[in-house]
Amino acid sequence: MAAPLHTLPAHRLAALIRARKVGSLELLDHFLARIASYDGALKSVCVLDTDRARKRARAADRALSKGERRGPLHGLPMTVKESFDVAGLPTTWGRPNLKGNVPATNARAVQCLLDAGAVIFGKTNVPALLADWQTFNPLYGTTCNPWDPSRGPGGSSGGAASALAAGLTGLELGSDIGASIRNPAHFCGVYGHKPTRGVASAEGQTLPPFITDNDIAVIGPLARSARDLEIALQLMAVPDAIDARGVRIALPRPKPRAWRQWRVAVMDTADTAPVDAAVREGIGRVAGFLRRRGAKVSHTARPAIDRHEAHRVYVLLLRAATSRNQSDADFARNLEKARRLPRDATGYAAWMLQANTLHHREWHQLNEARHHMRLAWEAFFRDWDVLLCPAAATTAFPHNQAGERWERMVMVDGTPQPSTTALFWAGFSGMAGLPSTVIPAGLAADGLPTGVQIVGPQYGDLTTLALACALETDFGGFQPPPAYA
């Protein structure tokens, strides 16, 4: 029996449209019907652009009837994260005060996808300010995980991952500063790619009124296939409009290699951020497969980086990057609180307060430490092609919106852990600008999906994606949640 359309990857859907075995409008209406049936409970798609999308889909079908094709995504219906500007649609970042923010132009990445023939028909939900590993806000409500609605889909690209897993869209566009592509992919059993910083322009994906992107932050695709990630990344791999006058993105393409030629390091937990057995077992399944196929696999190889220091530096840089979101009154209050902090204060809450009021000289010191770690990663990747590690410390956890993020606990092997501790797995490689691809790693004993993060060297995006594609073919890939198959 042929697989249902809504479970197929984007590249296969695009091929069916090109072959005129399914129409763009027919596929769009299929996704819209599924949203009408299922998204009332999930709340993953928060904005629809039905009329304009149907016009684009009809135009795509007419063009194919004349032998015309715009690009590799010709006629493919898809959605994008709410924080991306789409001309004529609101961009709110989940904030009520931004309900009236309706941009007149598209984000650069959105335009790249449209130019490749995509039919963008809506936006997917986010946490307020994109600042949570859960997805809820006062405008659009709480997004649920299609594997278990009592649990969150991750964040901040939680609506994107939930919609993909439930078969409500063909492809997605997300962003990542603290695993915001990677943890939703892991929690929902889909694919996600966090590119090397600077590979894809974030123009049109910044919190109003700012126009500059944040330190560490990147944009990237989510999908039901590793091949889709590669196609989307290649389309999005452009600098902003000014830099494009003189800058070209040319990611090195790795040579094809047999399994025995891969050199794979595995780091499935750390004392800085312990990882639950369910996630470690998923990583173990992938590592065991690679070893059986003849790859060189090491569970002890590590970059020469102090992991506790890496966590501290990352959280300070992260919260310094987002500190501009403070109002003047908030900044004044935080200055007074920071003055009262003990000199030896440590932990997420203290680091956040320090970072919100950081002196520029202190930021330079942190940036210097970051670049020493970047060089350590570069030395590590002379001996190893990739590092396999967690995207998060647990599988998808139950909704918990009480208190501050660092006060909310998740259970790691029966022991409560602050939900912010798992940010280590976002920042260890992310603050150095390295690429990461998250792939499904099978189901845990309780039926929830697990994923593995494949980290590569700077500009090694196509290397991590090549391993992801090979594993998708031989190890296994996306499987739909039973209730949405």
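Colleague: Starting with helix α9 (residues 307-321): how far apart in sequence are R312 and E309?
Modeller: They sit 3 residues apart, so about one helical turn separates them. Helices here are DSSP runs of H or I with at least four residues, strands are E runs of at least two, and both are numbered from the N terminus. Bear in mind it's a predicted model: local features need pLDDT of at least 70, side-chain atom pairs count only at pLDDT 80 or more, and totals for chains, interfaces and linings use all residues. Residues are numbered from 1 along each chain as its sequence is written, and side-chain values use heavy atoms, with hydrogens and water left out.

Colleague: OK, and what do R312 and E309 form?
Modeller: A salt bridge, with the closest N and O atoms 2.9 Å apart. That term means a side-chain nitrogen of Lys or Arg within 4 Å of a carboxyl oxygen of Asp or Glu.

Colleague: Is R312 buried or exposed?
Modeller: In between: R312 is partly exposed at 29% relative accessible area, and E309 is partly exposed at 29% too. Buried means under 20%, exposed over 50%, partly exposed in between (1.4 Å probe, protein chains only).

Colleague: How many salt bridges does a search of the whole structure find?
Modeller: 17. Among them, R54 meets D29 at 2.9 Å, N to O. R54 is in helix α3 (residues 50-65) and D29 in helix α2, so that pair ties together parts 25 residues apart in sequence.

Colleague: Which residue does D132 pair with in a salt bridge?
Modeller: R408, with the closest N and O atoms at 2.8 Å. D132 is in the loop between β3 and β4 (136-137), R408 in the loop between β11 (386-389) and β12 (409-412), and they are 276 residues apart. Both D132 and R408 are buried.

Colleague: Switching to sheets. What's the strand order in the open one with 3 strands?
Modeller: β1-β3-β2, with mixed pairing. β1 (45-48) and β2 (77-81) are the edge strands, each pairing on one side only. Two strands count as paired if DSSP finds at least two bridges between them.

Colleague: In which sense do β2 and β3 pair?
Modeller: Parallel, over 5 bridges, with β3 covering residues 119-124. T79, for instance, has G122 in β3 as its bridge partner.

Colleague: Which helix lies across β1, β2 and β3?
Modeller: α2 (residues 24-42), running at about 15 degrees to β3. Axes are lines fitted to C-alpha atoms, for helices over the stretch in contact (heavy atoms within 4.5 Å), and angles run from 0 to 180 degrees between N-to-C directions.
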